[in-house]
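Hi everyone, thanks for making time. Could you bring up the structure on the screen, please?

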Amino acid sequence: MKNLILASTSTVHGGSYLDYLKPTLNEHFKAVERIIFIPYARPGGISHELYTSNAQKFFNALDIEVVGLHSFKDPVKALENAEGVFTGGGNTFLLVKQLYENKIIASLRDRLYQDMPYLGTSAGTNIAGVSMQTTNDMPIVYPPSFKTLGTVPFNINAHYLDPDPTSKHMGETRETRIKEFHQFNNVPVIGLREGSWIEVKKRTYTLRGPHSARIFEATKLPYELPTDSEITIS
């Protein structure tokens with residue numbers, strides 16, 4: 001039993017933090033009074049306390065308390081007792097390193113299979129996949145493993161960007177990078193555009209939001225999946 005919202009980003013252009021997801025999250029966390037927030041990714045190097053405070057400001061509107069996982073002496077026990085979990089974005093390498101160092105990969109994964117509502121944004125979405133190998137982040141630290149939670153049978157490339165035909169930039173596109181990944185790995189990849197998310201209910205994975213997603217499979221040409229479609233990958 002899985003109950004996940006995996007969003008490409010926390011903030012869309014012109015909006016405020018998590019605002020575009022508010023109706024969805026109001027329903028998703030309707031039975032929850034307190035969320036455990038995992039702030040380990042630390043965007044911009046901000047403190048765990050400040051990051052948790054930012055999340056609390058949004059969830060105040062839903063009458064939900066937010067408590068940072070860093071504040072617990074026993075993070076494993078905190079997750080075992082959690083009503084819901086939110087993992088914020090930032091640097092995926094740092095997030096995964098902290099998950100391993102705090103020995104919570106297994107306990108978090110177990111809770112996600114127990115119908116506990118989970119929200120991930122950006123890096124917090126990346127870790128739901130088979131591995132973190134399709135993140136866009138710089139390797140600022142070295143995690144013990146690239147293997148992540150594996151709660152969905154694919155990887156996610158959050159903040160997916162399409163090639164700009166008017167750009168003079170000659171560097172690699174996101175699509176090129178994912179094709180490079182598939183030279184050595186067979187794991188499918190979902191290119192998740194800003195403002196879109198994946199809704200996971202049990203073993204059903206549905207694309208939500210205003211945009212289609214770009215689907216990459218190692219032996220196929222990339223293709224578009226329309227929003228509100230079920231993700232079915234062979």
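Okay, so let's start with helix H2, and keep in mind that this is a predicted model. In H2, the buried residues are His48, Tyr51, Thr52, Ala55, Gln56, Phe58 and Phe59. Looking down the axis of H2, these buried residues fall within an arc of 160°, so they line one face of the helix. If that pattern puzzles you, remember that an α-helix has 3.6 residues a turn, so residues three or four places apart point the same way.

Now, what covers the buried residues of H2? The cover includes helix H1, which is residues 22-28, along with S2, S3, S4 and S5. H2 itself lies across S2, S3, S4 and S5, and it runs at about 170° to S3.

We can check the length of H2 as well. It has 12 residues, and at 1.5 Å a residue they should span 16 Å; the end C-alpha atoms are 17 Å apart, which agrees.

Next, the strands on either side of H2. S2 covers residues 34-38 and S3 covers residues 65-68; the two run parallel and are joined by 4 bridges. Arg34 stands opposite Glu65, and Ile35 stands opposite Val66. Put S2, H2 and S3 together and you get a right-handed β-α-β unit.

Finally, let's zoom out. The open sheet has 7 strands, in the order S3-S2-S4-S5-S1-S8-S9, with mixed pairing. S3 and S9 are the edge strands, each pairing on one side only. On average, neighbouring strands of this sheet are turned by 20° against each other, direction ignored.

Note on methods:
Residues numbered from 1 in each chain as written. Predicted model: local features only at pLDDT ≥ 70, side-chain atom pairs only at ≥ 80, totals over all residues. Heavy atoms only, no water. Pairing = 2+ DSSP bridges. Right-handed = clockwise from strand over helix to strand, strands pointing away. Axes fitted to C-alpha atoms, helices over the stretch in contact; angles between N-to-C directions. Contact = heavy atoms within 4.5 Å. Expected span 1.5 Å × (residues − 1). Buried < 20%, exposed > 50% of the residue type's maximum accessible area, 1.4 Å probe, protein only. Arc of directions from axis to C-beta.
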